[in-house]
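This report goes through one protein chain, from its core to its strands, rings and cysteines. The sequence and structure come first.

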Amino acid sequence: MEENNGRPVYPLKGVPADKIDFYQKSILAKCKLIRPAYMPIAEVVDYENKKFIVLWCPGGDSRPYSSPKTMAKDNKERIHYIRKMSNTVEPSDDEEKDLFNLANRIPFDDRVNHQADISDLNITLIQNYLKEVKSSLYEKSKTGDFVEVCNDMNIICNLPEYAKPKNVGLMFLVWSRIRFSLTRR
């Protein structure tokens, strides 16, 4: 996508189908430079008869992350970056301290809710949401494994012996109930 002053330029170009594998390998190679290890969720989607690679980069448990300061092969200097308004910048010393302090706190919606259970998640509400946002997971949610769909949405913590919902997954119930009560008025 091209942008102009932070806004997408239409019509959107998309990715040529024969370049998708190349771009995914390039993204993987760049992600391997991030420390500690981090891998975004990547999906190839069709939009307006064009292909796009969509990256979802949820906050990880091992943050803050650093990357090489430049992409030069001999560069050994690593840096943490922060967002300031619409800019990605090198933090000041105080901002870097704040970055490490914030890393010790997991945002509420990303926290695992140990008092809840997977059965507290409502597949119907989740499917309604997936259908409304035209997610490719909608079809999978009708026939696929519920835990796998929730894992793909990153609304559960799915360790082999411990699957629990995250607060964001439980908020589907609240969001859907509020929305339902507002539409009935």
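## Nonpolar core

A nonpolar core is here a set of buried Ala, Val, Leu, Ile, Met, Phe, Trp, Tyr and Cys residues joined through side-chain atoms within 4.5 Å. In this predicted model, the largest such core has 14 residues, and those touching the most other members are Leu121, Ile126, Leu130, Cys150, Met153, Ile155 and Ile156. Two or more residues each come from helix H3 (123–132), helix H4 (137–143), H5 and helix H6 (167–183). The most is given by H5, with three residues. In soluble globular proteins, nonpolar side chains tend to be buried together.

Leu121 can be followed further. Leaving aside neighbours within four places in sequence, Leu121 is in contact with Ile126, Phe146, Cys150, Ile155, Ile156, Pro165, Gly169 and Leu170.

## Overall layout

The chain has six helices and 10 strands. Its C-alpha atoms fill a box of roughly 55 × 45 × 40 Å along the principal axes. Of the 185 residues in the chain, 27% are buried. Among contacts with a separation of 6 or more, 50% are between residues 24 or more positions apart.

## Val149 and Gln127

Val149 belongs to helix H5, which spans residues 146–153. Is Val149 buried or exposed? Its relative accessibility is 1%, so Val149 counts as buried, the limit being under 20%. Apart from neighbours within four places in sequence, Val149 is in contact with Leu130, Lys140 and Ser141.

Gln127 is placed in helix H3. With 17% relative accessibility, Gln127 also counts as buried, because the value is under 20%. Beyond neighbours within four places in sequence, the contacts of Gln127 are Tyr138, Ser141 and Lys142. Ser141 is thus listed as a contact of Val149 and of Gln127. From C-alpha to C-alpha, Val149 and Gln127 are 10.0 Å apart in space, with their positions 22 residues apart in sequence.

## The E3–E4 hairpin

Strand E3 (residues 41–47) pairs with strand E4 (residues 50–56) in the antiparallel sense, over seven bridges. Within this pairing, Ala42 stands opposite Leu55 in E4. The two strands form a hairpin with two residues between them. Glu48, in the turn, has a positive phi of about 50 degrees.

## Aromatic rings

How many aromatic pairs does a search of the whole structure find? There are three. In one of them, Tyr47 and Phe52 have ring centres 6.2 Å apart and planes at 65 degrees, which makes the pair edge-to-face, because the angle is over 60 degrees. Tyr47 is partly exposed, with a relative accessible area of 42%, whereas Phe52 is buried at 10%.

A charged side chain also meets a ring in this model: Lys19 lies over the face of Phe22, at 5.9 Å from the ring centre.

## Cysteines

The structure holds zero disulfides. Cys57 is in no disulfide, and its nearest cysteine sulfur, that of Cys31, is 7.3 Å away. A disulfide would need the sulfur atoms within 2.5 Å, so the Cys57 and Cys31 pair does not qualify.

Cys157 is likewise in no disulfide; the nearest cysteine sulfur belongs to Cys150 and is 13 Å away. The relative accessible area of Cys157 is 18%, so Cys157 is buried. Cys150 is one of the residues that touch the most other members of the largest nonpolar core.

Note on methods. Residues are numbered from 1 along each chain as its sequence is written. This is a predicted model: local features need pLDDT of at least 70, side-chain atom pairs count only at pLDDT 80 or more; totals for chains, interfaces and linings use all residues. Side-chain values use heavy atoms; hydrogens and water are left out. Helices (H or I, at least four residues) and strands (E, at least two) are DSSP runs, numbered from the N terminus. Buried means under 20% relative accessible area, exposed over 50%, partly exposed in between (1.4 Å probe, protein chains only). Contact means heavy atoms within 4.5 Å. Rings of Phe, Tyr and Trp (its six-membered ring) pair if their centres lie within 6.5 Å; planes under 30 degrees apart count as stacked, over 60 as edge-to-face and the rest as tilted. A charge sits over a ring if NZ of Lys or CZ of Arg is within 6 Å of the ring centre and within 35 degrees of the ring normal. Two strands pair if DSSP finds at least two bridges between them.
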